[in-house]
Amino acid sequence: MKDQMNIILVDDNDIDIVVNTKLLKLANITDNIVSFNRCENALDWLAENHAQGGFKDNVILLDIQMPGTDGFQCLEKYTQLSEEVKISCRVFMLSSSIDRGDIERSEANVDVIKVLEKPLDVYLFKRLLAAESL
Amino acid sequence: MRPHKIRILYLDDEENNLTSFKAAFRRDYKIFTTTTAQEAVQILTDNEIHIVISDQKMPNISGVEFFELIVPDFPEPIRMLLTGYADIEAVIDAINKGQVYRYIAKPWNEQELKMTIENAYDVFLTRQQINEKNEALEKAYTELEKFVYSASHDLRAPLVSILGVIKLARTENPDNQSMQYFQMIEKNVNRLDSFVQNIIHYYQNLKNGEIISAINFDNLFMEVLEHYAHYDGASEVEFKRSVNQSGEFNSDELRLKMILNNLVSNAIKYRDPNKSDQYFNLTVDCQSDKAVIEISDNGKGIDRDSIGQIFDMFFHKSEDNVSTGIGLYIVKEAVEKLEGTVDVSSEPGQGAKFVVEIPNRS
C-alpha cells in the first residue's frame with residue numbers, strides 16, 4: 001500500500017479536481033488520490049505523510065493560477081521543505097495558461113518536471129510517469 | 001490662447017542685463033532672475049519654469065556647464081544660451097550636444113528675442129503633449145497586457161474545465177444520443193478555445209522579442225501533428241510528412257509553431273469530405289540559409305475572389321462557419337517577424353498549397 005503511487009491535486013477549481021480524480025482512476029494510474037484547494041494544506045499533508053511514514057511516491061499536480069498562494073508561490077514554499085520530504089515527491093505544473101512567461105517560469109524551476117496543459121491528457125501523463133519513475 | 005504666462009528663468013552675472021531683460025519682457029512673461037547658479041537651481045526647484053536663459057561667460061560657471069548641471073533634474077525647460085560672438089565654438093558644441101535649443105547673440109534684439117521665446121515655448125508645449133500622449137499609450141499598453149494575461153487564464157480556465165468534463169463523460173460510456181450532444185458541445189468549446197488562443201498568440205507575437213534556438217523539424221512536425229490528431233475530422237485525413245534537414249537550423253520555435261499550427265488546423269478544417277483519399281503533406285527542405293516549408297492538401301481549396309484577402313484580419317467568407325478570421329493573419333504576422341515569406345496557391349476544388357520560407361539565424 002505505502003509503496004504505491006499517490007497523487008496530490010492542488011487546484012482551486014473543484015470541477016477540475018473531480019474530473020481529474022476520476023480520469024486518473026479510470027486510466028488505472030492509481031487509486032490513491034488526495035486533493036486540496038489550497039497550497040498550504042497540501043504542503044501540510046506532505047509533511048504529515050512523511051512524519052507518519054506514509055506514501056513514498058508522491059506525484060504533485062499543481063495548478064498555477066489560484067487565489068491566495070498561487071502555483072509559483074507554492075513552489076517557493078515547497079522548495080523550503082526538507083530534503084527527506086522532497087525526495088519522495090515529483091512535481092508537475094498543470095495549467096490552462098498558455099502565457100509564455102508562465103510556462104518559461106515554470107520550466108525554469110528545478111523542482112518542476114514538466115508543465116502540463118489542461119485539460120489533463122491522462123495517457124500522456126501515464127507515459128511521463130513511466131519515463132520519470134523514481 | 002495660452003493657459004498660463006510663460007515662465008522664464010534668466011541667469012546672468014551682470015545685474016544690468018537682468019534689469020534690462022525684465023524691463024523689456026515683464027509685461028509679457030513671468031520672469032525670474034538671478035546672478036548665481038545655486039539660486040537658479042532653487043528657482044527651478046520651487047517653480048515650474050518653461051524656458052531657461054543663461055549667459056555663457058560667468059566667473060564661476062559657464063552657461064554650458066550650468067545647463068549640464070540642471071539637465072538631469074530638470075530636463076523639461078527649453079534652454080537658451082546668451083553669448084557674444086567670440087564664444088561661437090562653445091555654442092556650436094552645446095547645440096550639437098543637444099543641451100541648448102537656441103543661442104541668443106548679445107546684445108539682443110528685442111523683437112527677435114521675443115520671437116525666439118515664443119518659438120521655444122511652442123517646443124516646450126509640444127514636448128509636453130508628446131510626453132502626456134506617451135504616458136497614456138504606456139498605460140493603455142500595460143492594461144492590454146494585463147487583459148491578455150487574464151484572458152489567457154480567466155477565459156480559458158472554464159473552457160478547459162468543460163473539455164475535461166466532456167472527456168470524462170465520454171470515458172464513462174454514455175448512450176449514443178448523449179455522446180452526440182457531447183460532441184456538439186466539444187466542437188463549439190474547441191472553436192471558442194482556439195479563438196481565445198489565437199488572440200493570445202497574436203498578442204504574444206506582437207509583444208515578445210525573438211528567442212532563437214536550434215530547430216529540429218522532425219520533432220517540431222511530430223509535436224504539431226500529434227496535437228491535431230484528436231481534432232474534429234482529423235481521423236479522416238491522412239497526415240504525410242517529410243523532413244530534409246542535415247545541418248543546424250536556428251529560428252524562433254514559438255513563432256514557427258504558431259505558423260504550423262494554423263496551417264495544419266486549416267488543412268483539417270477545410271478538408272473535402274467528399275473525397276475518399278483526403279490527405280495533407282507537410283514537408284521542409286532545410287538549406288544552409290533558409291528553410292522552405294510546404295503544406296499542401298487536397299481539400300476544398302480557396303476560390304479566386306478570396307485568395308487575395310485570406311491573410312487579412314477577420315476576413316472570412318459568408319458561407320464559412322468554421323473560420324475565426326485570425327489564423328492566417330497570425331501566420332502572416334509571425335512570418336514577417338521572422339523576416340520570411342508566405343505564399344499561397346490554390347485550385348478551387350483541388351486543394352491548396354502554402355509555401356513558407358524562413359531564414360536561418362545562425
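1. Start with chain A of this predicted model: you'll find an open sheet built from five strands, and reading across gives the order β2-β1-β3-β4-β5. The strands pair in the parallel sense.

2. Now look at the two ends of that row. β2 (33-36) and β5 (112-117) of chain A are the edge strands. Each has a single partner strand, so one side of each is left with no neighbour in the sheet. As for twist, neighbouring strands in this sheet are turned by 20° against each other on average, direction ignored.

3. For a look at one pairing, pick β3 (residues 57-63) and β4 (residues 89-95) of chain A. These two run parallel, joined over six bridges. A handy spot to zoom in on is A:L62, which sits opposite A:M93 in β4(A).

4. Next, add a helix to the picture. α2 (residues 39-51) of chain A packs on the sheet, where it touches β1 (5-10), β2, β3 and β4 of chain A. If you compare directions, α2 of chain A makes about 140° with β2(A).

5. Then zoom out to where the two chains meet. Chain B brings 18 residues to the contact, and chain A brings 16 residues. On the chain B side, the elements giving two or more residues are α5 (110-171) and α6 (176-207) of chain B. The largest share of that side, 13 residues, belongs to α5(B).

6. What kinds of residues make up the side of chain B that touches chain A? They split into eight nonpolar, eight polar and two charged.

Technical notes: Residues numbered from 1 in each chain as written. Chains lettered and ligands numbered in written order. Predicted model: local features only at pLDDT ≥ 70, side-chain atom pairs only at ≥ 80, totals over all residues. Pairing = 2+ DSSP bridges. Helix = DSSP H or I, 4+ residues; strand = E, 2+ residues; numbered from the N terminus. Axes fitted to C-alpha atoms, helices over the stretch in contact; angles between N-to-C directions. Contact = placed C-beta atoms within 7 Å. Nonpolar A, V, L, I, M, F, W, Y, C, P; charged D, E, K, R; others polar.
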